Amino acid sequence: MSAGKKKSLTATDILYHARRFIIFLLMTSFVVTCCALLLLRSMQIDEQAIRQNAPLTLFNVLFLSVLIWCADTLRRYFWVNRHVRRIVRGLQKIQSGDFSVRIAPVQEKNSRNELDGIIDGINQMTQELAGVETLRTDFISNVSHELKTPLAVIDNYATLLRNPALTHQERMDYARIISGAAARLSGLITNILKLSKLENQQIYPVAASYDLGEQLCECMLGFESIWEEKRLDIQTDIEDGVVIQADRELLGLVWNNLLSNAVKFTEPGGTVSCALHADGPYAVVSVSDTGCGMSPETGAHIFEKFYQGDTSHAAQGNGLGLALVKKVVDIVGGEISVASTLGKGSTFTVKVGRQTL
C-alpha cells in the first residue's frame with residue numbers, strides 16, 4: 001500500500017483500543033480475583049504475606065491483561081482484519097460498477113464461519129446485480145432499436161410534407177402515415193412500460209374478450225413494408241370467429257415479436273406463415289418461416305434472457321424479445337413451443353385459452 005493510502009490512527013481508533021484494553025483488564029482482574037479467593041479459602045495463608053504479595057499480584061494481572069490484549073489484537077489484525085479488508089476491497093469494486101467481482105471464501109466448505117456467510121451473501125448479491133445490469137443495458141438497447149423505426153417514418157414523411165408541389169391527396173396520405181407511426185410509437189412506449197413492470201411483478205393482465213384473428217391480421221399488416229421490401233411470400237390460414245379472453249396489449253407484444261423475428265431472419269424471397277385455429281378449449285397460433293433456423297442446442301435455450309445461439313445474427317437482436325414473449329405467455333396462462341431445423345426455418349406455436357359458448 002502506498003504512503004498516500006495509509007491510514008493514521010484517529011481519536012476514535014485510540015478510544016476503541018483503550019476501551020478494549022480496559023475490558024480485558026477488568027475481565028482478567030475478575031478471573032484472577034475469583035481464583036485467588038477460591039485458593040485462599042482452601043489454604044491457610046498469613047494476612048501479612050498476602051499484603052506483601054499484593055503488588056506482585058497486581059502486576060501479574062496487568063501483565064496477563066496486556067498479554068491477552070496483544071494476542072487478541074494480533075489475531076484480529078492477521079486473521080479477522082485481513083479478511084475484512086479483502087471483503088471491503090471487493091465491495092469497493094462492486095460499488096464502482098464491477099459486478100464480475102467474486103470474493104473467495106475464508107475457509108473450505110467443510111469448515112465455515114460467519115465471515116463465509118457474509119461473503120456468500122455478497123457474491124449472491126453481486127450475481128443478481130450483474131443480471132440486473134445486463135437487463136438494463138439490453139433493455140435500453142432494445143428500446144432504442146424499436147423506437148428508431150417509427151421515428152424514422154415520422155421524420156421522413158414530415159420532410160416530404162415540406163414539398164410545396166405535393167397534391168392534396170399526397171399530403172393526406174403522408175399525414176395518415178405519420179399519424180399511424182405516432183400511434184405505433186405510443187403503443188410501443190406503453191408496452192415497454194408494461195414490460196418493465198412485468199419484470200418487477202408490478203402489473204397484472206387485464207382480460208377482455210376479443211377476436212384473435214383480427215389482432216393477428218393487424219399485427220401482420222404492421223410489417224407489410226418490410227415483407228414487400230424483402231419480397232417475402234406471406235401465407236395465412238386464420239380461422240374466423242376465434243375469440244379469446246386475455247390482455248390484448250400483452251398478447252399483441254407476443255405476436256409482434258414472433259412476426260418480427262420471422263420476417264427478420266427470413267432471406268429475401270422466402271416464406272412467412274401465420275396460422276390460427278381452435279383446438280378444443282384452446283386457440284393455437286403458429287408463426288413459421290423459412291429462415292436460418294436453429295440447432296437443438298440453441299432451441300433448448302432460446303427463451304432464456306440474453307441468449308443468442310447464432311452469433312452471426314447477433315446484430316439483428318439482443319436476445320431479449322423471446323424471453324419477454326415467454327414471460328407474457330406464462331402470465332396469461334398460455335404455452336409456447338418451438339420446432340426448428342437448422343438452415344430450413346422455425347415454427348413457434350402458442351396456445352392460449354379461448355372463450356367458448
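A nonpolar core is a set of buried Ala, Val, Leu, Ile, Met, Phe, Trp, Tyr and Cys residues joined through side-chain atoms within 4.5 Å. The structure discussed here is a predicted model.

**Main core**

The largest nonpolar core has 38 residues. Within this core, Leu-212, Val-254, Trp-255 and Leu-258 touch the most other members. Several elements each supply at least two residues, among them the helices α5 (212–221), α7 (248–264) and α9 (321–331). The strands β3 (243–246), β4 (271–279), β5 (282–289) and β7 (345–353) do so as well. Helix α7 gives the largest share, nine residues.

What does Leu-212 touch, not counting residues up to four places away in sequence? Its partners are Val-242, Ile-244, Trp-255, Leu-276, Ala-283 and Val-285. In soluble globular proteins, nonpolar side chains tend to be buried together.

**Second core**

A separate core holds nine residues. Ile-94, Phe-99, Ile-119 and Ile-122 are included in this second core.

**Helix α2**

Helix α2 covers residues 47–95. Two of its residues are set out here.

| Residue | Relative accessible area | Class |
|---|---|---|
| His-83 | 6% | buried |
| Leu-67 | 48% | partly exposed |

Why does His-83 count as buried? Its relative accessibility is 6%, and buried means under 20%. The His-83 side chain makes a polar contact with the side chain of Arg-86, at 3.1 Å. Leaving aside neighbours within four places in sequence, His-83 is in contact with Val-106 and Leu-115.

Leu-67 also lies in helix α2. Its relative accessible area is 48%, so Leu-67 is partly exposed; that class lies between the 20% and 50% cut-offs. Leu-67 helps to make a nonpolar surface patch of about 580 Å². The other residues of this patch are Leu-56, Phe-59, Phe-63, Leu-64 and Ile-68.

**Whole chain**

The protein chain has nine helices and seven strands. How much of the chain is buried? Buried residues make up 29% of the 357 residues. The accessible surface comes to about 22,700 Å². Carbon and sulfur atoms account for 59% of that surface. Among contacts with a separation of 6 or more, 70% join residues 24 or more positions apart.

Terms used: Residues numbered from 1 in each chain as written. Predicted model: local features only at pLDDT ≥ 70, side-chain atom pairs only at ≥ 80, totals over all residues. Heavy atoms only, no water. Helix = DSSP H or I, 4+ residues; strand = E, 2+ residues; numbered from the N terminus. Buried < 20%, exposed > 50% of the residue type's maximum accessible area, 1.4 Å probe, protein only. Contact = heavy atoms within 4.5 Å. Areas by Shrake-Rupley, 256 points an atom, 1.4 Å probe, with all protein chains shown as cover. Polar contact = N/O pair within 3.5 Å; in protein donor to acceptor, adjacent residues only side chain to side chain. Patch = residues over 30% accessible without salt bridge, like charges linked within 9 Å, V, L, I, M, F, W, Y side chains within 5 Å. Salt bridge = Lys/Arg side-chain N within 4 Å of Asp/Glu carboxyl O.
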